[in-house]
Amino acid sequence: MISLKKIENGYRIKFELDYIYPTHKELINELFEDYLLQDEDKITIDLSKVKIIDISSFKNILSQLTRLKKKGKDITIIFPKDNDHYISRIFELTNFKIK
């Protein structure tokens with residue numbers, strides 16, 4: 001399940017899947033579009049449950065995050081607890097800066 005939820009200081013897109021594949025692209029895009037319709041500056045992307053992500057889905061998420069960053073949104077990403085986890089490592093390798 002992937003969901004957009006209003007939280008105390010913004011919105012959270014939560015990926016409650018152990019994998020993300022290209023079939024989720026439209027849903028991911030819809031959630032980011034729904035968030036952009038809201039008048040909030042903060043967003044939390046919760047990837048803590050994701051264990052596997054294909055490169056196409058990763059590029060899609062990275063593209064959406066870059067778009068939000070350009071719009072001045074305050075982005076927080078929650079990674080799996082293990083700092084050496086695949087998901088956090090792939091963001092590190094892209095040199096994507098949150099702030």
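**Helix H2 and the four-stranded sheet**

Just after helix H2, Gly 72 adopts a positive phi of about 80°. The model described here is predicted. Helix H2 comprises the 16 residues 55-70, for which a rise of 1.5 Å a residue gives an expected span of 22 Å; the end C-alpha atoms lie 22 Å apart, so the two values agree. The buried residues of H2 are Ser 57, Phe 58, Asn 60, Ile 61, Leu 62, Gln 64, Leu 65 and Leu 68. In general, an α-helix has 3.6 residues a turn, so residues three or four places apart point the same way.

The strands E1, E2, E4 and E6 form an open sheet in the order E1-E2-E4-E6, with mixed pairing. Strand E1 (2-7) and strand E6 (74-78) occupy the edges; each has a single partner strand, and therefore one side of each is without a neighbour in the sheet. On average, neighbouring strands of this sheet are turned by 20° against each other, direction ignored. Within the sheet, strand E2 (residues 10-15) pairs with strand E4 (residues 42-46) in the parallel sense over four bridges, and Tyr 11 stands opposite Ile 43 in E4. Helix H2 packs on this sheet and touches E2, E4 and E6; the direction of H2 makes about 150° with that of E6.

Ser 57, one of the buried residues of H2, is 34 residues from Thr 23 along the chain, yet the C-alpha atoms of the two are separated by 8.5 Å. Thr 23 belongs to the loop between strand E3 (19-20) and helix H1 (25-37). With a relative accessibility of 71%, Thr 23 counts as exposed, because the cut-off for an exposed residue is over 50%.

Conventions:
Residues numbered from 1 in each chain as written. Predicted model: local features only at pLDDT ≥ 70, side-chain atom pairs only at ≥ 80, totals over all residues. Heavy atoms only, no water. Helix = DSSP H or I, 4+ residues; strand = E, 2+ residues; numbered from the N terminus. Buried < 20%, exposed > 50% of the residue type's maximum accessible area, 1.4 Å probe, protein only. Expected span 1.5 Å × (residues − 1). Pairing = 2+ DSSP bridges. Axes fitted to C-alpha atoms, helices over the stretch in contact; angles between N-to-C directions. Contact = heavy atoms within 4.5 Å.
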